[in-house]
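Here are a few short exercises to work through with the structure open beside you. Try each task before you read its solution.

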Amino acid sequence: MAAAAAAAGGAGRGLWARLGDTRLALWFRALLRDYSSSLRDAAGAARRRPLLSAAAVAGLAVTAGLARSVPDGGSLESAAVAAAAALSPIPPGSRSPRAERRVLRLLRLRERGRLRVRSLGLLSVAAAEPDGTDAALYRARCPHLRPRPWERGALLDVGFAGRWWLLAAALRDPDVNEEEFGHLPGPLRRLRPAELRSERNERLHRERLRAVVLSEADIGGEEPLEIRGSV
């Protein structure tokens, strides 16, 4: 009689009620209880230590932003092409050899399929492969002859925060030919920023154009005489 009553009660229940008694439904309910208790504990800890919680959330947000902004291989190729377009209007005599060599090397490796970019989470590393992707050489296909990941080509650039830093450093002052100043002494090859646009230099330039007034003592008792500075 009890078994018949239980079967009759189960048959009268709906589909969702019967599914709620399965092992999978019980496991999901236990999982939701665990997550809800963890969220309540985390909210309580955040209320007790608001500064630490805000710093942790800010750190996670910054880390996520940096991970999303990591450049890839396509961005390096685009940056190399854009750098070549920026250098082309500059006359060869005024062009920076350092920037030209780096850009030409990236373009050659790109054309040969030897430019490789690997993402390391928060940054990317670009290196030159010994063989291209389309090469059918035995040394390029055999796993025992391939170079180890740490033995691969020389480091070309490092990508971080959405830009390639070594390429950007090479493109600084692309219209300055450093080799033109190679014959100068060391202290004269590079000027500090304060020496380029300093207020002292401007003041001395203005004072050079100012009229010089000599007193009677300077001219031996004669009338005061004005001498203009040389232009």
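This is a predicted model, where local features need pLDDT of at least 70, side-chain atom pairs count only at pLDDT 80 or more, and totals for chains, interfaces and linings use all residues. Residues are numbered from 1 along each chain as its sequence is written, and side-chain values use heavy atoms, without hydrogens and water.

**Exercise 1.** Sort the lining of the largest pocket by class.

Solution. Start with the classes: Ala, Val, Leu, Ile, Met, Phe, Trp, Tyr, Cys and Pro are nonpolar, Asp, Glu, Lys and Arg are charged, and the others, Gly among them, are polar. The lining then splits into six nonpolar, one polar and six charged residues.

**Exercise 2.** Describe how the rings of W27 and F28 are arranged.

Solution. First, a general point: a pair of aromatic rings is described by the distance of the centres and the angle of the planes. Next, the rule: rings of Phe, Tyr and Trp (its six-membered ring) pair if their centres lie within 6.5 Å, with planes under 30 degrees apart stacked, over 60 edge-to-face and the rest tilted. Here the centres are 5.1 Å apart and the planes make 70 degrees, so W27 and F28 are edge-to-face.

**Exercise 3.** Which phi sign does A161 have, and is A161 buried or exposed, or in between?

Solution. Most residues other than glycine have a negative phi. A161, although not a glycine, has a positive phi of about 55 degrees. For accessibility, buried means under 20% relative accessible area, exposed over 50%, and partly exposed in between (1.4 Å probe, protein chains only). A161, at 37%, is partly exposed.

**Exercise 4.** Repeat the steps for D173.

Solution. D173 is not a glycine either, yet its phi is positive, about 55 degrees. At 48% relative accessibility, D173 is partly exposed.
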